[in-house]
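User: Please take a close look at the aromatic rings in this model and how they pair. Add what lies around them where it can be stated.

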Amino acid sequence: MGHWPKPAEGSWTQHYPELGTGSISFDDCVSAEFYELERDAIFRRAWLNVGRAEQLPKAGSYFTKNIEIANASVIIVRDRDGTVRAFHNVCRHRGNRLVWDDFPREETQGFCRQFVCKYHGWRYGLDGTLAFIQQEDQFFDVDKDANGLAPVHCEVWNGFVFVNLDREPRQSLREFLGPMITALDDYPFGTLSEQYDFAAHNNSNWKLFADAFQEYYHVPSLHPQQIPPAVRRPNMTVECAHFQLDGPHRVVSTAGARRWTLPPEAMYPIERATRSGLVGPWETPDLGPLPAGLNPGGVEPWGISNFQIFPNVEILIYGGWYLVYRYWPTSPGTHRFEGTLAFHPARNVRERVEHEVAAVVFKEFALQDAGMLGGTQAALETGVVAEFPLSDQELLVRHFHTVVREWVEQYRRETATVTA
């Protein structure tokens, strides 16, 4: 799907006639059958972002990632040559989970020279090769070369580590991301290494939380604190300035005056005191020229661009800092939400306070969204209403659910052909 600039009159939706304008169903958020299809159709086929290269600062650094919907635990490690690799977290001897600390179903991270199974002491190199078998002479012609760790396809784009659980990915990572996302090639994500991580179990389908960040129609109602009382108006609306689609991916940009240019009555006291808040620190270090792809609609004054990479990761860029959201399904009606704020390393106490305030405020607003979505899930599960109207400002919601259904239908057709 391409991109058209919005005319002086008209709508964004009219430029994507294949999406239609009718009401849509959200049964893809409550159906147990559909959830099971998403396992193979999406999460075992798509490229999935599991972390950042900063989590692997040197050879031997590793972390594990549990992808529950795909019934997978993956080890991501930087080997001795500096290559980032991924393996299934399974010992080749008796199937023990290879890397874990106190609880085998929990994620972990650390540093090692090799991976050692806790059960029988088999050892594996950082490149996954089987290096040592305890009492090897007791076994019957074990081929070490054929019994290394099971590899997982792994590629890195601009420091973002992606894995693909398919036997043979249909596209390279770069092909999958496409030109709209790779237009951020020159954004200096790697220099923003001071990070704040949050995770929470949410009582809603994974797609519902993603929907919350694809439109700002909900902001005046759900987040009235975002608009200080002194400048709040009856029936106030927030309208996004630019929408764009590229294959399965989406971007939305908003306009926004920088906070320090606003009158005092348009700010909360904490913002004035700390020079920070929901949109982050008022001033951030100069990152140099930013890529044109960061603001593809040429919005002025530009505020935020939210790049939504299918299926379950979003990168929100505020210029000098950025946010990452990930949504990991755990059941038809639940998911694990992860949020990361990334800043340039603080150079003094004031900058550290600015970052801490931004992180606290982010958590508050994310909790407001999360709390609302439990009610959405509960109502959808009643099945009382079958279809729901969407506005022009909810174009990305319409596109997202359309793409999810397309991936599932494509999988159905392919598996039906194989079994016919």
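Analyst: Ring pairs join F198, F209, F213, Y325, Y327, F337 and F362 into one cluster. The model is a predicted one, and a search of the whole structure gives 26 aromatic pairs.

One of these pairs is F26 with F388. The ring centres of F26 and F388 are 5.5 Å apart and the planes meet at 55°, so the pair is classed as tilted; edge-to-face would need an angle over 60 degrees. The two residues come from distant parts of the chain, 362 residues apart. F26 belongs to the segment before α1 (32-43), while F388 lies in the loop between α6 (349-380) and α7 (395-419). Their exposure can be given as well: F26 has a relative accessible area of 11% and is buried, whereas F388, at 23%, is partly exposed. The cut-off for buried is under 20%.

Two rings also carry a lysine over the face. The charged end of K58 is placed over the ring of F111, 4.6 Å from the ring centre. K118 lies over the face of W100, with 5.1 Å to the ring centre.

As for the strands, seven of them form an open sheet with antiparallel pairing, in the order β11-β17-β16-β15-β14-β13-β12. At its edges are β11 (194-202) and β12 (242-246), each paired on one side only. From one strand to the next the twist averages 15°. Within this sheet, β13 (residues 249-255) runs antiparallel to β14 (residues 302-309), and six bridges connect them. R250 has Q308 in β14 as its bridge partner.

Notes: Residues are numbered from 1 along each chain as its sequence is written. This is a predicted model: local features need pLDDT of at least 70, side-chain atom pairs count only at pLDDT 80 or more; totals for chains, interfaces and linings use all residues. Side-chain values use heavy atoms; hydrogens and water are left out. Rings of Phe, Tyr and Trp (its six-membered ring) pair if their centres lie within 6.5 Å; planes under 30 degrees apart count as stacked, over 60 as edge-to-face and the rest as tilted. Helices (H or I, at least four residues) and strands (E, at least two) are DSSP runs, numbered from the N terminus. Buried means under 20% relative accessible area, exposed over 50%, partly exposed in between (1.4 Å probe, protein chains only). A charge sits over a ring if NZ of Lys or CZ of Arg is within 6 Å of the ring centre and within 35 degrees of the ring normal. Two strands pair if DSSP finds at least two bridges between them. Axes are lines fitted to C-alpha atoms, for helices over the stretch in contact, and angles run from 0 to 180 degrees between N-to-C directions.
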